[in-house]
Amino acid sequence: MQPYAISVRQVSKRFRVQRNRPSTLRETVHQVFTGQWDRGRFLYALRDVSFTVRHGQVLGIIGHNGAGKSTLLRLLCGLGRPTSGCIVTDGLVSGILELGGGFHPDLTGRQNIKTVAILNGAKDHLTECEENIVKFAEMERYIDQPVRTYSNGMYVRLAFAAALEFDPSVMVIDEVLAVGDERFQHKCMDRISRFHREGKTLIVTSHNAEQIKMLCTEVLVLDEGRVVLQSDPESALNCYHDLMRQRTEK
């Protein structure tokens, strides 16, 4: 076993922003031969980000909107590659970045569960996984209806239950603990706490300070794509509030 569940080393991620983008091949050729071709510019979502996450740790990541949190979590889950630097993981990393993002609206809830289970390598335990997900989501009455007929609350319950059913070493959660009604939020928090008690590693972003204090053993503060601080929750939240106050003053 490696000493860290995740090690991020000088990771940067940039995106090309295209201006005056041609819509046809003819326009492209015309711009190239007339010297009007605009190669665009680069925007950096992350710059030289480095940190480590120990096995069994709960790391919070906080920062203003646009600080680079979601980009970082997507890279941790393997959804894209850094422009520079590297990310080393020990064990399976699973992410809840967009609840139900893999659900097909025309399939029933049960059919979607089976598809997700197979894709996660749980074909041999399909029936057990299906029962656990349906029970946690409290969807017994509606599980055989097309997902497009579900309310937002039903959709969220099923998606969250499906995401947590499989057994990753590291769970990455992006701003999804604020969804659903209050009772279901408590149920999700209990399930995540159990995940942590089992010695698993958790990385979470949230704008809810109380959730950060309750869940996290350490917190990373991002600002403009850079790491400002990695410390205990109280110190990190104080740093975050100072940054927000400075942005307001500007």
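Biologist: Before anything else, what covers the buried residues of H3?

Modeller: The cover includes helix H4 (126–137) and H5. Keep in mind that this is a predicted model.

Biologist: Which residues of H3 are the buried ones?

Modeller: Gly109, Asn112, Ile113, Val116 and Ala117.

Biologist: And what makes you say that they line one face of the helix?

Modeller: Look down the axis of H3: the buried residues fall within an arc of 135°, so one face of the helix is what they line. The general background is that an α-helix has 3.6 residues a turn, so residues three or four places apart point the same way.

Biologist: Why is Phe103 called buried, and why is Tyr155 called partly exposed?

Modeller: Buried means under 20% relative accessible area. Phe103 comes out at 12%, so Phe103 is buried. Tyr155 has 25%, and partly exposed runs between the 20% cut-off and the 50% one, so Tyr155 is partly exposed.

Biologist: How do you know that Gly102 is exposed?

Modeller: Exposed needs over 50%, and Gly102 has 67% relative accessibility, so Gly102 counts as exposed. Gly102 has its place in the loop between S5 and H3.

Biologist: Back to Phe103 and Tyr155: what makes them an aromatic pair, and why edge-to-face?

Modeller: Ring centres have to lie within 6.5 Å, and planes over 60 degrees apart count as edge-to-face. Here the centres are 5.8 Å apart and the planes make 70°, so both tests are passed. The structure holds 1 aromatic pair.

Biologist: Why say that this pair ties parts together?

Modeller: Phe103 is in the loop between strand S5 (93–96) and helix H3 (109–119), while Tyr155 is in helix H5, so the pair links parts 52 residues apart in sequence.

Biologist: What makes you put a charge over the ring of Phe136?

Modeller: The distance part of the test asks for within 6 Å of the ring centre. The charged end of Lys187 is 4.8 Å from the centre of Phe136 and sits over the ring. Likewise, Arg47 lies over the face of Tyr44, at 4.0 Å from the ring centre.

Biologist: Which residues touch the most other members of the largest nonpolar core?

Modeller: Leu158 and Phe160, out of 47 residues. Helix H5 (residues 152–165) gives the largest share of this core, 9 residues. Beyond its neighbours within four places in sequence, Leu158 is in contact with several residues, among them Phe103, Ile113 and Ala137.

Key
Residues numbered from 1 in each chain as written. Predicted model: local features only at pLDDT ≥ 70, side-chain atom pairs only at ≥ 80, totals over all residues. Heavy atoms only, no water. Core = buried A, V, L, I, M, F, W, Y, C linked by side-chain atoms within 4.5 Å. Buried < 20%, exposed > 50% of the residue type's maximum accessible area, 1.4 Å probe, protein only. Helix = DSSP H or I, 4+ residues; strand = E, 2+ residues; numbered from the N terminus. Contact = heavy atoms within 4.5 Å. Phe/Tyr/Trp six-rings, centres within 6.5 Å; stacked < 30°, edge-to-face > 60°. Lys NZ or Arg CZ within 6 Å of the ring centre and 35° of its normal. Arc of directions from axis to C-beta.
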